[in-house]
Amino acid sequence: MADLGTQIARERIDILLDLCEQHKGNGELCKYYVGLAWKLVMRHKVKLPKKEKLRFCKHCKGYFVHGKNVKVRQNTDKKLMEYLCNCGKKTYAKYGRQ
């Protein structure tokens, strides 16, 4: 069972990521929200689900808006989704049956 501090941190992370979803057009504001959420993740050692990890760039803390600041490609040979951020870094995620 998670302690109270971890539960509160998890709620705050969810709120910050939801705020990013609402303010997709404002890149700097989203970077600020993601930066705060990432600090909470690191400080309280909260595990993020894979779906939430793929919502932002781990390098520049930019919130992914498909078609604006991220390109998504599918590598069918390796069963990977490739996310290419504007900062030039790539993030990979497995898909399909492993």
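A salt bridge is taken here as a side-chain nitrogen of Lys or Arg within 4 Å of a carboxyl oxygen of Asp or Glu, and by this rule the count comes to 4 salt bridges. The structure is a predicted model, in which local features need pLDDT of at least 70 and side-chain atom pairs count only at pLDDT 80 or more, whereas totals for chains, interfaces and linings use all residues. Residues are numbered from 1 along each chain as its sequence is written, and side-chain values use heavy atoms, with hydrogens and water left out.

Within helix α1 (residues 4-22; helices are DSSP runs of H or I with at least four residues, strands runs of E with at least two, numbered from the N terminus), R10 and D14 lie 4 residues apart, about one turn of the helix, and form a salt bridge whose closest N and O atoms are 2.8 Å apart. R10 also meets E52 in a salt bridge (2.7 Å, N to O); because E52 lies in helix α3 (residues 50-53) and R10 in helix α1, the pair ties together parts that are 42 residues apart in sequence. R10, D14 and E52 are thus joined into one network by salt bridges that share partners.

E52 counts as buried, at 13% relative accessibility, while D14 is partly exposed, at 27% (buried means under 20% relative accessible area, exposed over 50%, partly exposed in between, with a 1.4 Å probe and protein chains only).

Elsewhere, 3 strands form an open antiparallel sheet in the order β1-β2-β3, two strands being paired if DSSP finds at least two bridges between them. β1 (70-75) and β3 (90-94) each have a single partner strand, so one side of each is left without a neighbour in the sheet.
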